[in-house]
There are 2 protein chains.
Amino acid sequence: MEDYCLDELDYAILKILQTDSRITYDDLGKKLHRSKTPIFERVKRLERLGYIDSYVTLINYTKLRECLMSYISVKLTDHSIEALQDFATNACALPEVMECAHLTGGTDFLLKVVTKNMEHYNEFLFRKLGKLPNIANLNSSIVIGQNKSSPVIPF
Amino acid sequence: MEDYCLDELDYAILKILQTDSRITYDDLGKKLHRSKTPIFERVKRLERLGYIDSYVTLINYTKLRECLMSYISVKLTDHSIEALQDFATNACALPEVMECAHLTGGTDFLLKVVTKNMEHYNEFLFRKLGKLPNIANLNSSIVIGQNKSSPVIPF
DNA sequence: CGTCAAAACCGAATTAAATTCTGAAACAAA
DNA sequence: TTTGTTTCAGAATTTAATTCGGTTTTGACG
């Protein structure tokens, strides 16, 4: 892997692409006072070097179908590296789990979970997540309203 | 706004677009055994009707620069609708806040926050978030490892 | 300073994709 | 069946992505 230190143009490109992955190279060039060629080459380099992970589409799920979102904090009984890793692997494999983070402090993991409704949520909690080994304690909080959810990282 | 009930083809399109917003209509059509014309028209309709929110780029922020992620649970002193709404508005306006959810249970809000490092985090906590009105209590958990973070919603 | 090599850039040329257009097939209501 | 509507495929066109050739900029080195 090359070593390459991003310059201001690279940062500017990433900043714009973060909120619009379908902008044309021409328009991107106009915003950044360059022709499309260098912009194109830089985007390809950012992809190649792994600064760009993926291009995704955000869909309006609440409009699409009923949707229940919740956060679940998880405590484990065993805190060995293997046990922690195992839990993470198992939890991440569940499609309802949109986020899984290993935390400092009282709880070991925080999960963000999406299901269709309370019935599916119960099903998920007791039949899937609850059946994973090594769980001491699960604590759910249901999302009443999602005020912000943005993949855009501040610069 | 038209009323329109999505069919299986629409769902299939959304499912694929969720993980790849730059696939060509031609390729999308091949996956779904259609020519690109109907696929194109359906995507435009999904955009028009608001099922598709946006096309975004996910960047590898940890590769880009140092990065500290944390979850902060917030309790307020005043639980009137206005106070709740005010807090949400103020918190969402902070660029460090990537997610802001209003929860059931003991805590009122859960925030996902990104800063460059502990110094910036303290700055954020005491100078920005902590200065918002009506906060009873803030409880931070630092993310040791992010095992999954996906905008892909299960179908 | 000049010289050289590498990298970045621009504009034109080409290739590929998006978008539009035309008409055929499927479907539903009368 | 007839009629109107929707969906679709394939061709035609427009627009964008990608490649190419050559110029400018930049930075190392004598």
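# A walk around two chains and two DNA strands

Start at DNA strand D and select A:Tyr25: a polar backbone atom of A:Tyr25 sits 3.0 Å from a phosphate oxygen of the strand. That is a polar contact, meaning a pair of N or O atoms within 3.5 Å; within protein, one must be able to donate a hydrogen and the other to accept it, and residues adjacent in sequence count only if both atoms are side-chain atoms.

Before going on, a word on what you have open: this is a predicted model, where local features need pLDDT of at least 70, side-chain atom pairs count only at pLDDT 80 or more, and totals for chains, interfaces and linings use all residues. Residues are numbered from 1 along each chain as its sequence is written, chains are lettered from A and ligands numbered from 1 in the order in which they are written, and side-chain values use heavy atoms, with hydrogens and water left out.

**Stop 1: around DNA strand D**

Stay here and select B:Ser35, where a polar backbone atom is 2.7 Å from a phosphate oxygen of DNA strand D. Then try B:Arg34: an N or O atom in its side chain is 3.4 Å from a phosphate oxygen of DNA strand D. Now colour the helices: helix 3 of chain A and helix 3 of chain B are the elements that give two or more residues to the surface near this strand. (Helices here are DSSP runs of H or I with at least four residues, strands are runs of E with at least two, and both are numbered from the N terminus.)

Which residues come nearest to DNA strand D? Out of 13 around the strand, they are A:Tyr25, A:Phe40, B:Ser35, B:Thr37 and B:Pro38. "Near" asks for a heavy atom of the residue within 4 Å of the molecule or strand. Of the atoms of DNA strand D that come within 4 Å of the protein, 64% belong to sugar and phosphate. Colour the surface by class and you get four nonpolar, four polar and five charged residues. For that count, Ala, Val, Leu, Ile, Met, Phe, Trp, Tyr, Cys and Pro are nonpolar, Asp, Glu, Lys and Arg are charged, and the others, Gly among them, are polar.

**Stop 2: over to DNA strand C**

Select DNA strand C next. It has 13 residues around it, and the closest are A:Ser35, A:Thr37, A:Pro38, B:Tyr25 and B:Phe40. Zoom in on A:Ser35, which has a backbone N or O atom 2.7 Å from a phosphate oxygen of DNA strand C. With A:Arg34, look at the side chain: an N or O atom there is 3.2 Å from a phosphate oxygen of DNA strand C.

What does A:Thr37 reach on DNA strand C? A base oxygen, 2.9 Å from a polar side-chain atom of A:Thr37. Of the DNA strand C atoms within 4 Å of the protein, 65% are in sugar or phosphate, and the rest are in bases. Helix 3 (36-48) of chain A and helix 3 (36-48) of chain B each supply at least two residues of this surface.

**Stop 3: where the chains meet**

Now show chains A and B together. In contact (heavy atoms within 4.5 Å) are 61 residues of chain A and 62 residues of chain B. The buried area is about 6000 Å², with 56% of it from carbon and sulfur atoms; buried area is the accessible area (1.4 Å probe) that two parts lose on being put together, summed over both. Select A:Arg22, A:Thr57 and A:Lys148: these supply 13% of what chain A buries against chain B, more than any other three residues.

Keep A:Arg22 selected and add B:Glu47. The two form a salt bridge, with the closest N and O atoms 3.8 Å apart; the rule is a side-chain nitrogen of Lys or Arg within 4 Å of a carboxyl oxygen of Asp or Glu. Four salt bridges cross this interface.

**Stop 4: strands across the interface**

Pick strand 5 of chain A and strand 3 (residues 97-103) of chain B: they run antiparallel and are joined by five bridges. Strands count as paired if DSSP finds at least two bridges between them. Here A:Gln146 has B:Ala101 as its bridge partner.

Then choose strand 3 of chain A, joined by five bridges to strand 5 (residues 135-149) of chain B, again antiparallel. On this pairing, A:Glu99 stands opposite B:Ser149. Finish on A:Glu99, which also forms a salt bridge with B:Lys112, the closest N and O atoms being 3.1 Å apart. That pair crosses between chains, from strand 3 of chain A to strand 4 (residues 109-115) of chain B.
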